[in-house]
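Work through the exercises below with the sequence and the coordinates at hand. Each task is followed by a worked solution.

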Amino acid sequence: MADLFKCRQNCGACCIAPSISSTIPGMPKGKPAGVACIHLDNNYQCKLFLHPSRPAVCGRLKPCFEMCGNNRIQALNYLTQLEQLTKG
């Protein structure tokens, strides 16, 4: 079912809200939660999408209604809450 759900244009919540501990090109220590990845463009699209240097964790994250909700704000809220619940 997740394959039928497409990324929302002008969202980028999954590139902002969660922390990423793995290396990202230009961000060798990953990125903290709430900070936009440097590869997120002005239209909230990933400039590394489908590029081999894109972190595996990003490639495994698949859009779904639970995560993305009905709009960008819902997605940011959900992912921020998930980050807070799972941080060590």
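**Exercise 1.** Which helices each supply at least two residues of the lining of the largest pocket?

Solution. Start with the basis: this is a predicted model, in which local features need pLDDT of at least 70 and side-chain atom pairs count only at pLDDT 80 or more, while totals for chains, interfaces and linings use all residues. Residues are numbered from 1 along each chain as its sequence is written, and side-chain values use heavy atoms, with hydrogens and water left out.

Step 1. Fix the terms. Helices (H or I, at least four residues) are DSSP runs, numbered from the N terminus. On a 1 Å grid over the protein atoms alone, a pocket is an open set of points where a 1.4 Å probe fits, with protein on both sides within 12 Å along at least five of seven lines; lining residues have an atom within 4 Å of a point.

Step 2. Read off the helices: α1 (56-60), α2 (65-68) and α3 (72-86) each meet the condition. The most comes from α3, with five residues.

**Exercise 2.** Describe the space and the lining of the largest pocket.

Solution. Step 1. The space amounts to about 960 Å³, a volume being the space filled by probe spheres set on the grid points, which are joined across faces, edges and corners.

Step 2. There are 41 lining residues, and Cys7, Cys14, Arg54, Cys58 and Leu61 lie nearest the centre.

Step 3. By class, the lining has 26 nonpolar, nine polar and six charged residues. Here Ala, Val, Leu, Ile, Met, Phe, Trp, Tyr, Cys and Pro count as nonpolar, Asp, Glu, Lys and Arg as charged, and the others, Gly among them, as polar.

**Exercise 3.** How many disulfides are there, and where does Cys7 stand?

Solution. Step 1. A disulfide is a covalent bond between the sulfur atoms of two cysteines. The criterion is a pair of cysteine sulfur atoms within 2.5 Å.

Step 2. Under that criterion the count is zero. Cys7 is in no disulfide, as the nearest cysteine sulfur, that of Cys14, is 5.7 Å away.

Step 3. For Cys11, the closest cysteine sulfur is in Cys68, at 6.3 Å, which is too far for a bond.

Step 4. Compare burial (buried: under 20% relative accessible area; exposed: over 50%; partly exposed: in between; 1.4 Å probe, protein chains only). Cys7 is exposed at 55% relative accessibility, whereas Cys11 is buried at 8%.

Step 5. Place Cys7: it lies in the segment before α1. Its C-alpha atom is 8.5 Å from that of Lys62, 55 residues apart along the chain.
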